[in-house]
Amino acid sequence: MKFIDLSVALDDSPVEPEPARIKYLNHKQGADLLGLAALISGHSVFITLKNLLLHLTGIKKVTHRDFPDGMGLAWETINGDTHTGTHLDAPYHFGPLSEGRPSKTIDEVPLEWCSGNGVVLDFRAKKQGDFITADDLRSALDKIDYKISAGDIVLIMTGADKHWGRKDYFFSHPGLSGDAVLWLLDRGVKIIGTDGYGLDRPFRNMMDDYTRTKDKSFLWPAHFAGRKKEYCHIEKMANLDRIPKSHGFSVMCFPVKIKGASAGWVRPVAILED
Ligand SMILES: [Zn+2]
């Protein structure tokens with residue numbers, strides 16, 4: 001079996017409006033912090049005055065020098081939102097209700113949805129800000145002679161991932177229309193993925209059209225389709241062009257289980273059998 005990584009790394013470089021802030025602790029720093037465990041007694045996490053005195057006088061002081069090779073454990077603290085990097089949007093992101101019932105949060109998304117047959121549709125000929133319509137989906141499927149089945153994971157290749165790390169990434173993708181999303185959902189699709197910043201057109205295009213027309217249907221139509229019909233989508237994917245065929249492979253994309261959240265970080269993978 002061959003695995004193709006369809007994610008970008010969660011990164012603290014400013015490639016998106018809300019980058020994650022990652023504080024890295026190296027093995028020496030980790031050892032010094034772990035050494036503070038010497039201040040704790042019994043089952044309490046609180047430091048006793050006696051232990052503090054023993055620490056300050058050096059009698060009970062443990063530093064990195066006490067650890068094998070002078071090194072403890074490394075770890076990181078991440079401050080970032082659930083939509084940073086490659087992530088899966090849960091129905092709750094789109095609205096409090098979906099199909100008239102309380103929307104699923106990310107911890108409630110059925111795992112069965114997150115594993116299925118993959119199909120890649122190539123929309124790299126579209127320009128930034130363009131709509132991808134239901135007609136576009138039909139002709140892309142005709143071109144590869146494929147019929148959508150229930151449970152398929154449909155991957156929208158825009159080529160925008162090639163702008164990852166550059167300022168124009170945020171604006172560089174086309175987006176699905178609401179009708180296009182509903183057309184897929186009517187065929188039993190539960191997960192759609194895109195290699196762009198979002199499944200909808202860029203913020204700038206949506207806002208320009210809305211302020212010009214005051215027509216609310218220009219605002220996040222692909223996301224809000226999820227209020228009518230329950231589904232999830234993966235945003236900020238990568239490497240869809242490395243999947244060697246348009247269908248005949250499977251995709252797995254299990255999100256991090258964050259209680260009550262609208263999204264979770266995910267590492268989608270295309271799996272090809274020899
Ligand atoms: Zn999102």
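Here are three short exercises, with worked solutions, on the predicted model shown above.

**Exercise 1. Overall form**

Work out how the radius of gyration of the protein stands against the globule rule.

*Solution.* Start with the inventory: the protein holds seven helices and 15 strands. Next, take the value that the globule rule gives for 274 residues, 19 Å. The protein's radius of gyration is 23 Å, well over that figure, so the protein is more spread out than a compact globule. To add the dimensions, the C-alpha trace spans about 75 × 50 × 35 Å along its principal axes. Finally, look at burial: 33% of the 274 residues are buried.

**Exercise 2. The largest nonpolar core**

Find which elements supply the largest nonpolar core, and which one gives the most.

*Solution.* First, the size: this core has 42 residues, and L121, V154, L155, I156, I191 and I192 have the most contacts inside it. Now turn to the elements. Those that each supply at least two core residues include strands β7 (115–122) and β11 (191–194), along with helices α4 (134–143) and α5 (178–185). Strand β9 (153–157) is also among them, and β9 gives the most, with five residues. As a last step, zoom in on I156: beyond its neighbours within four places in sequence, its contacts are L121, F123, I132, L176, I192, G193 and T194.

**Exercise 3. The partners of β15**

Identify the strands that β15 (residues 269–272) is joined to, and their directions.

*Solution.* Begin with β1 (residues 2–5), which runs antiparallel to β15 and is joined to it by four bridges. Here K2 stands opposite L272. Then take β13 (residues 247–252), also antiparallel to β15, with three bridges. In this pairing, V251 stands opposite A270.

Technical notes
Residues are numbered from 1 along each chain as its sequence is written. This is a predicted model: local features need pLDDT of at least 70, side-chain atom pairs count only at pLDDT 80 or more; totals for chains, interfaces and linings use all residues. A nonpolar core is a set of buried Ala, Val, Leu, Ile, Met, Phe, Trp, Tyr and Cys residues joined through C-beta atoms within 7 Å. A residue is buried if 20 or more other C-beta atoms lie within 10 Å of its own, exposed if 12 or fewer, and partly exposed in between; C-beta atoms are placed from the backbone. Two residues are in contact if their C-beta atoms, placed from the backbone, lie within 7 Å. Two strands pair if DSSP finds at least two bridges between them. The radius of gyration is taken over C-alpha atoms; the globule rule is 2.2 Å times the number of residues to the power 0.38.
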